[in-house]
Structure formats: C-alpha cells, structure tokens
Amino acid sequence: MDLELDGTRVLVTGASRGIGLAIVQAFQGEGAEVIAVSRRTTPELEATGATFVPADLAEPDGPRRMVEKVLELDPRLDAVVNNAGGGTASAEMLADPFGGTAATWASALALNLVAAVETTRAALPALVRSRGAVVNISSRNARDPRGAPLSYSAAKAALNAFSRGLAEQVAESGVRVNVVTPSGTHTPMLTGEDGFGAELATHLGLDHETLLAVLPKEAGMLTSALIDPAEIARAVLLLASPTMPSAIGSNWTVDGGSLKVA
Ligand SMILES: NC(=O)c1ccc[n+]([C@@H]2O[C@H](COP(=O)([O-])OP(=O)(O)OC[C@H]3O[C@@H](n4cnc5c(N)ncnc54)[C@H](OP(=O)(O)O)[C@@H]3O)[C@@H](O)[C@H]2O)c1
C-alpha cells in the first residue's frame, strides 16, 4: 500500500524512545525525512539517522523556538506528530484525589496539552502551504480517568477537545487534525525504572514486574498484553497520509478494547 509519504518532511516530538521512536522508524520506512525532537537523544534514535533537534517542550517558549529551528533547516513540513507527553507520577500525585498540587497540574498541562497547542500554532503556516496533517497522541485516560493522576487524564482530555476543535478551524486550509488514543503500551513510560509504571507499582505495593503483568487485564485490555509501539505508529502513518483526506477530526483508539464504549 502506497501511503504517499515518500519524500515528505515530518516532525515527531518525544522521539527518543517508546511510541515516538516507533513513529520515527515507521515514517522512515515510508521514505519520509524525519525531524526528531526530545530533550535528549538516545543511541536508538541516533541509529535511525533522523535529524535531531533538542528542545524542552514544557518550557513556555520551547515549542515555538523548536519549530523555528526546524523550519530554518528547511521550510518544508508535511506532518507534525505531537507525541511528547506523559511525565512521572509521584507518590504524592497518586495519593492525592486531585492528582497533585497546582504546580503539578501546571507541568502536566504544559507537557500534555500546551506543548501540542504551541507546536501546532508555530507549524501551521508551513502545514497550510503543504496541505499537511497533525496527529496528536492522547491516552485512554482522557476518556476513562481512572488509573492515572487526574492532572494527566484531564490534560489529555483537553488535548482531545483542542484537536477536534482545531480540525474544524483549519479544515478549509487543507490541514487535517486527528488523534490516536493508545492504552497501555510497551514503552519506557511503563517499563522504565523511573517511569510511571514503576511509580504506580510502588503506590500499589506491587513489584514492577507484577504490575506490568496484571496491568493490561486491569485496564480492560481484551488482548491481556501491552501494545507494541509499532501498532500506534501504524495508525499515525495512516492519519498523516494524504491518501486519507476524509480522516479529519477523528480520534482512533488503539487500546486493546480497553475503552468500554460503543
Ligand atoms: N506508554 C503508554 O502506555 C501510553 C498510553 C497512552 C498514551 N501514551 C502517550 O504516548 C506518548 C508517548 O508515550 P511513551 O510511552 O512513548 O513515553 P516515554 O517512553 O516516556 O517517552 C516520552 C518521550 O517524550 C520526550 N519528552 C518528555 N518530556 C519532554 C519535554 N519536556 N520536552 C520534549 N520532549 C519530552 C522523552 O524524551 P526526553 O525525556 O529526552 O525529553 C521521550 O522521547 C505520550 O504522549 C503518552 O502520554 C502512552
């Protein structure tokens, strides 16, 4: 299947590991040139040969400065994938019914919502020129906030609303905005020693390995297995592809059936 992504130029945030790294590799497999953004690079990202632009997207001016740098290198841009997100969940956040303090909320919103808003704002003129696509990575917790700090779930719910609304605003200019909603995916966010999964295990009094084994079933995943990041990347490719002009304002779940809604 030709997705007509060969020769396109694509910006992927949160690209150094996990879902973002799989998205980089998937676009490269289709012949796209990828600009990869995260705070630090990794040997796995370096091995892809993608152009690395370091940026802290949770900083107020981080997204705008990053996009400027990307467009200075080459003004062409066909797709933006706002994947950077997550963050950690301290014991205090998990124990607090409000999902953390005001400062915690500000940082969850900065990374999981505002970074995508400001990256897209800065990239929009270039995307209008190419009649390009935006794909935002949300989470099942946007629609079922249990099992994650409320600040994270609420930020992802706001990302869904932003994406749907922006799709309406920019459709006439030829830019398509869509969302992919994963559930538990096999990435360092869940498997890493300092990630959310490890913190959740401590909070629940489980060892990390046990948590990873029971998490899919507990999250209602009918597959009983964490998702391969390559699966999320495949959905992103389709939504970014010019062969899918009718995919606008959609939210595709790749969640093992964990969201129990029709
Ligand atoms: N894994 C899951 O189960 C799951 C489920 C639902 C949704 N998601 C969503 O999927 C996306 C990717 O998650 P993942 O599991 O792949 O996470 P991950 O393994 O923790 O990777 C996160 C990526 O984002 C980058 N990043 C973090 N903070 C950043 C910042 N301030 N500025 C720029 N880049 C930053 C990280 O690199 P640096 O640390 O070097 O910056 C890394 O490349 C996130 O939006 C997450 O909310 C994940």
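These legends go with a few close-up views of a predicted model.

**View 1. An open sheet of seven strands.** Let's start with the sheet, where the strands follow the order β3-β2-β1-β4-β5-β6-β7 and the pairing is parallel. Strands β3 (51–54) and β7 (251–254) stand at the edges with a single partner strand each, so one side of each has no neighbour in the sheet. Direction ignored, neighbouring strands are turned by 20° against each other on average.

**View 2. Strands β5 and β6 side by side.** Here we zoom in on β5, residues 133–137, which pairs with β6, residues 176–182, in the parallel sense. Five bridges join this pair of strands. If you would like one of them to look for, Asn136 has Val179 in β6 as its bridge partner.

**View 3. Helices on the sheet.** Helix α10, made of residues 229–240, packs on the sheet and touches β4, β5, β6 and β7. The direction of α10 makes about 165° with that of β6. Helix α5, residues 102–130, lies across β1 (9–13), β4 (79–82) and β5. Relative to β4, helix α5 runs at about 180°.

**View 4. Helix α8 and its cover.** Which residues of helix α8 (residues 196–204) are buried? They are Phe196, Gly197, Ala198 and Leu200. What covers these buried residues of α8 includes three helices: α4 (91–95), α7 (188–191) and α9 (208–218). Follow the chain just past α8 and you meet Gly205, which takes a positive phi of about 75°.

Conventions
Residues numbered from 1 in each chain as written. Predicted model: local features only at pLDDT ≥ 70, side-chain atom pairs only at ≥ 80, totals over all residues. Pairing = 2+ DSSP bridges. Helix = DSSP H or I, 4+ residues; strand = E, 2+ residues; numbered from the N terminus. Axes fitted to C-alpha atoms, helices over the stretch in contact; angles between N-to-C directions. Contact = placed C-beta atoms within 7 Å. Buried ≥ 20, exposed ≤ 12 C-beta atoms within 10 Å, placed from the backbone.
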